[in-house]
Amino acid sequence: MTKQEVLKRYFGYDGFRPGQELLVDGILQGRDTFGIMPTGAGKSLCYQIPGLLLPGITLVISPLISLMKDQVAALNQAGVHAAYLNSSLSAGQFQTALRNMVRGQYKIVYVAPERLLTEQFLWASHQIEISQLCVDEAHCISQWGQDFRPSYLKIPEFVGQLDVRPVISAFTATATKEVREDILALLDLQDPVTLTTGFDRKNLKFIVQRPADKMKALLAYVGEHRDECGIVYCLTRKGVEEVCERLVKEGYDATRYHAGLGDAERMQNQEAFIYDQKQIMVATNAFGMGIDKSNVRYVCHYNMPKTMENYYQEAGRAGRDGLPSECILFYGGQDVVTNQFLIDRMEPPEDADEETGEQIKEREREKLKRMTFYCMTNECLRAYILRYFGEYGDNFCGNCSNCLTQFEDRDVSETARNLIGCIASGSRSYGMTTIIDTVHKSKSAKILRMGMDRNPFYGSCEAVPVYQLRQIMNHLVLHGYLRLTDDEYPVLYLEEAARRVAEGEPVVMKVAKEIPKEKKEKKDTKKGSAAAGMADIDRGLFEKLRELRLEIARREKVPPYLIFSDKTLVNMCVMMPKNKEEMLQVSGVGEVKYSKYGPQFLEVIGCDSYV
Ligand code: ADP
Ligand code: MG
């Protein structure tokens with residue numbers, strides 16, 4: 001069989017995605033390979049296809065039981081003999097699986113890194129031919145990454161004990177320069193075929209909102225996405241409890257996940273979400289690592305996370321199947337305060353001295369600032385994200401809330417001058433709120449006590465609404481006119497550019513055009529983009545196929561998206577296959593899956609086309 005035939009027969013796909021083929025070829029030619037591709041790009045196929053074509057076994061190292069389980073179930077669904085070896089197996093099951101491996105019953109075996117150097121596994125490894133050793137989630141080997149797993153360091157030792165060194169392939173979605181170098185060095189990759197595809201996820205739409213009432217905004221949002229699966233991330237356990245309770249009260253199938261729940265309940269709630277029994281998962285950032293569920297249609301951040309790395313990783317759990325999906329973030333000033341509190345309370349890593357601990361916190365505060373700027377910026381959100389990860393490109397994507405908002409340039413020089421003047425005339429440094437209150441002529445006890453009513457700029461912007469003053473202040477910080485310190489109580493300092501403004505240089509700021517009310521209402525009735533991506537298909541048929549999928553999944557006890565992905569169901573609705581031959585043309589339908597499920601799906605589609 002050729003690689004194309006394997007792709008079609010087992011996985012049901014007609015062509016490779018960008019980059020996949022290069023890596024597949026590298027491995028098949030016996031060269032080490034290193035693939036850095038974003039979540040959902042399709043890294044698994046890059047080592048699984050060679051795994052099926054190479055003469056011996058492919059061992060895959062993976063950090064989490066849930067990931068291994070998911071991947072092996074997906075392979076078994078596709079008709080590939082695969083197994084996993086990890087601590088979820090009893091001693092007896094482990095023995096059996098190991099024996100089957102030695103007998104050559106599996107082409108692909110997933111193994112936990114802790115198992116590699118055990119006597120049993122080493123013995124078995126000497127009985128078999130290992131063609132490829134694949135290190136999935138390879139960033140776990142680096143101490144720089146946030147998912148460092150010390151047991152990954154055992155991999156090179158294991159390789160050293162083998163009679164023949166297999167081809168080594170490594171894959172990851174997160175790779176800053178430090179992590180990348182660690183992977184190359186620690187795994188001792190030899191002249192690897194390396195591929196980095198861009199970090200852009202074109203099917204994701206990015207949205208930032210600054211709602212006055214977050215709960216109201218969330219209810220409106222989930223109301224518009226009633227039939228879809230989504231994750232809502234909160235910063236704290238308390239937040240999770242409140243949001244989940246409210247969603248349930250409003251009649252949504254929501255469940256929750258955070259570190260305060262017992263293991264059993266967490267596991268149960270996670271499965272309920274993965275198996276489509278619950279539609280909405282409300283969770284802290286404890287949830288998500290090792291979740292490959294491909295039909296998550298939106299990820300909503302009820303609070304702003306701590307860093308852009310966290311944000312992109314969490315938001316990236318939407319739309320793994322490539323269908324249009326949304327990542328929406330609700331920003332509130334309190335989020336900054338909560339994050340600052342979390343950073344202050346952060347425990348320094350073991351064996352780090354006080355200075356190092358302080359440096360780490362400093363770095364975290366800097367990252368928090370960049371995250372906050374994401375919520376403030378008026379430029380393309382996608383461009384902002386990609387630039388953060390070191391990619392430069394267009395400043396217009398046309399698929400984020402900023403690109404889709406009409407902005408107009410507004411001259412805010414006068415207000416800016418008053419704000420700057422107020423800061424300059426102070427006898428000491430003040431925080432944002434104090435300055436805004438002063439120019440807005442607040443009579444609060446705090447302002448009077450501080451004597452700010454004697455500041456020459458007191459009341460100079462009385463007519464400007466406070467929210468606008470805040471926007472302008474943010475603009476001045478964002479664009480380097482003012483500097484905000486990182487302390488617990490941040491205060492403002494003037495930068496060189498501010499003096500130029502005081503001397504008469506204009507300040508122009510992009511602001512969202514106010515859309516007339518009736519027009520806005522019309523716009524709001526439009527469905528979210530995920531639904532818009534499916535606008536051309538028969539939604540009724542899609543629902544029927546989804547029901548059939550759920551029924552089969554329950555019977556076979558696997559997550560529905562492993563039967564067929566949402567994308568495959570959409571393709572069925574578009575192509576409306578009438579027979580086996582046509583069904584096999586649908587992307588995601590391979591031979592094995594056809595023989596198991598094809599006829600049932602054909603029947604539903606057939607019935608539908610006669611009514
Ligand atoms: P990653 O590990 O890079 O996050 P996965 O390997 O889990 O991504 O793949 C994500 C999804 O993309 C899966 O549903 C997979 O079946 C699908 N996929 C992978 N390669 C292709 C392809 N060539 N054509 C269509 N779909 C693909
Ligand atoms: Mg993967």
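Helices here are DSSP runs of H or I with at least four residues, numbered from the N terminus. Keep in mind that this is a predicted model.

**Exercise 1. Place Leu22: which helix holds Leu22, and is Leu22 buried, partly exposed or exposed?**

Step 1. Find the element: Leu22 sits in helix α2, which covers residues 20-28.

Step 2. Look up the accessibility: the relative accessible area of Leu22 is 43%.

Step 3. Apply the cut-offs: buried means under 20% and exposed over 50%, with partly exposed in between. Leu22 is therefore partly exposed, given its 43%.

Step 4. Check the neighbours. Leaving out residues up to four places away in sequence, Leu22 touches Val193, Thr194 and Leu195.

Step 5. Try a long jump: Phe396 is 374 residues from Leu22 along the chain, and their C-alpha atoms are 30 Å apart.

**Exercise 2. Explore the shell around ligand 1: which residues come nearest, and which helix gives the most to the shell?**

Step 1. The shell has 14 residues, and Tyr13, Gly40, Lys43, Ser44 and Arg320 come nearest.

Step 2. Sort the shell by class: you get 5 nonpolar, 6 polar and 3 charged residues.

Step 3. Helix α3 (residues 43-53) gives the most, with 3 residues.

Step 4. Now go through some polar side-chain atoms. An N or O atom in the side chain of Tyr13 is 2.6 Å from an oxygen atom of ligand 1. For Ser44, a polar side-chain atom also lies 2.6 Å from an oxygen atom of the ligand. Arg17 has a polar side-chain atom 3.1 Å from a nitrogen atom of ligand 1.

Step 5. Finish with the cover: on its own, ligand 1 has 570 Å² of accessible area, and the protein covers 82% of that.

**Exercise 3. Work through the aromatic pairs: how many does the structure hold, and what is the geometry of Phe121 with Phe158?**

Step 1. The count is 11 aromatic pairs.

Step 2. Phe121 and Phe158 have ring centres 5.7 Å apart and planes at 40 degrees, a tilted pair.

Step 3. Place both rings: Phe121 is in helix α6 (residues 119-127) and Phe158 in helix α7 (residues 154-161), so the pair links parts of the chain 37 residues apart. Both residues are buried.

Step 4. Repeat for Tyr374 and Tyr384: this pair is tilted too, at 5.8 Å centre to centre and 55 degrees between the planes. Tyr374 lies in helix α14 (residues 354-376) and Tyr384 in helix α15 (residues 381-388), so the pair ties together parts 10 residues apart in sequence. Tyr374 and Tyr384 are both buried.

Step 5. Look for a cluster: Tyr257, Phe273 and Phe287 form one.

Terms used
Residues numbered from 1 in each chain as written. Chains lettered and ligands numbered in written order. Predicted model: local features only at pLDDT ≥ 70, side-chain atom pairs only at ≥ 80, totals over all residues. Heavy atoms only, no water. Near = heavy atom within 4 Å. Polar contact = N/O pair within 3.5 Å; in protein donor to acceptor, adjacent residues only side chain to side chain. Areas by Shrake-Rupley, 256 points an atom, 1.4 Å probe, with all protein chains shown as cover. Helix = DSSP H or I, 4+ residues; strand = E, 2+ residues; numbered from the N terminus. Nonpolar A, V, L, I, M, F, W, Y, C, P; charged D, E, K, R; others polar. Buried < 20%, exposed > 50% of the residue type's maximum accessible area, 1.4 Å probe, protein only. Contact = heavy atoms within 4.5 Å. Phe/Tyr/Trp six-rings, centres within 6.5 Å; stacked < 30°, edge-to-face > 60°.
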